[in-house]
Amino acid sequence: MTADIWLPIAPQEIEGLPEGPRYLFWDGGEEFPGDPGACVFYAVPYMKPVRVSVRPLPAMGAVQVVQTLSAGVDHVQPGLKYLRPGVRLCNARGVHETSTAELTLTLILASLRGVPDFVRAQDRGEWLGGFRPALADKTALIVGYGSIGAAIEDRLAPFELARVARVARSGRTTARGPVHPLTELPSLLPDADIVILCTPLTESTRGLVSGDFLGRMKDGALLVNVARGPVVDTKALLAELESGRITAALDVTDPEPLPPGHPLWQTPGVLISPHVGGPTSAFMPRAKRLLVDQLNRFVNHEPLRNVILTTEENGA
């Protein structure tokens, strides 16, 4: 049987792919490019819904690697139960740090300095002056301190913050300072002027930002979500936003896409971007480099990068 590799980028556009396998292009279209049963390496289409991402998985009896082009893997995990044991799931660590960190800073600065108000005033031909909060001297709390969280802190560094606190699933020490375990999050929230969410969506982080979480945030704090929409309880967030106690900048929402007429569109104090943290001009060259590196490793039987999990007998 032919060993096929499915790519969401046309293989002729990727320099450096190893010789040997047959490369097939599939970006989520209705027709599969070949027999899913012959696919040994499945690079998942980027920014496609769960139903598209997992559709070929039940028929991929020979697949050995599932490679996402996103940092999160929640859009493929529902399909892992169809796979045989030993299939490696890899994410795109190293691809999205730059773009996501850029957008995080954009959302923070735009929210604090009132850029949405300036744009609306410009549409009205109105000169809208006044004092606005600065990022300088603020305390930021990064929830989900992995590679994206570290990239965000790198870009916060020149802005003269008073303090940056870091939280991850488990505590550790970094060159920039301690990373607190998730169990210490409640005690850190009251001191943070800006709370940045960049944690993956897992069963333990789904609904993490609950009414209790939001209630611990200080008055006037800004919540920034560049993680996944379901990390935040939308109903609880709406209650806090409508009270005017906190503000929010959201690149992701629950539900997503946010439907017309949803209360978040009209709620004061919220800035919404349509899940654009990753899709920038920086994505394609980094995605191609990742695929070339991983596929060369795969063909040469070398250890793969970014292995998140390996499927087991009962699915993973």
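Me: When do two strands count as paired, and in which sense do β6 and β10 pair?

Reply: Two strands pair if DSSP finds at least two bridges between them. In this predicted model, strand β6 (residues 139-143) and strand β10 (residues 194-197) are joined by four bridges and run in the parallel sense. One residue of β6 illustrates the pairing: L141 has V195 as its bridge partner in β10.

Me: In what order do the eight strands of the open sheet lie?

Reply: The order is β8-β9-β7-β6-β10-β11-β12-β13, with mixed pairing. At the edges are β8 (172-174) and β13 (270-272), each of which pairs on one side only. On average, neighbouring strands of this sheet are turned by 20 degrees against each other, direction ignored.

Me: Which strands does helix α2 touch?

Reply: Helix α2 (residues 97-113) packs on the sheet and touches β10, β11 (222-225), β12 (247-250) and β13. The direction of α2 makes about 150 degrees with that of β11.

Me: How should a nonpolar core be read, and how many residues has the largest one?

Reply: A nonpolar core is a set of buried residues, such as Val, Leu and Phe, joined through side-chain atoms within 4.5 Å. The largest here has 31 residues, and L141, V195, L197, F213 and L223 have the most contacts inside it. Helix α7 (234-243) supplies the largest share, four residues.

Me: Which residues does V195 touch, leaving aside those up to four places away in sequence?

Reply: V195 touches L141, V143, L189, F213, M217, L222, L223 and V224. Among these, L222 belongs to a second, separate core of 27 residues, which also includes A101, I108 and I194.

How values were computed: Residues numbered from 1 in each chain as written. Predicted model: local features only at pLDDT ≥ 70, side-chain atom pairs only at ≥ 80, totals over all residues. Heavy atoms only, no water. Axes fitted to C-alpha atoms, helices over the stretch in contact; angles between N-to-C directions. Contact = heavy atoms within 4.5 Å. Buried < 20%, exposed > 50% of the residue type's maximum accessible area, 1.4 Å probe, protein only.
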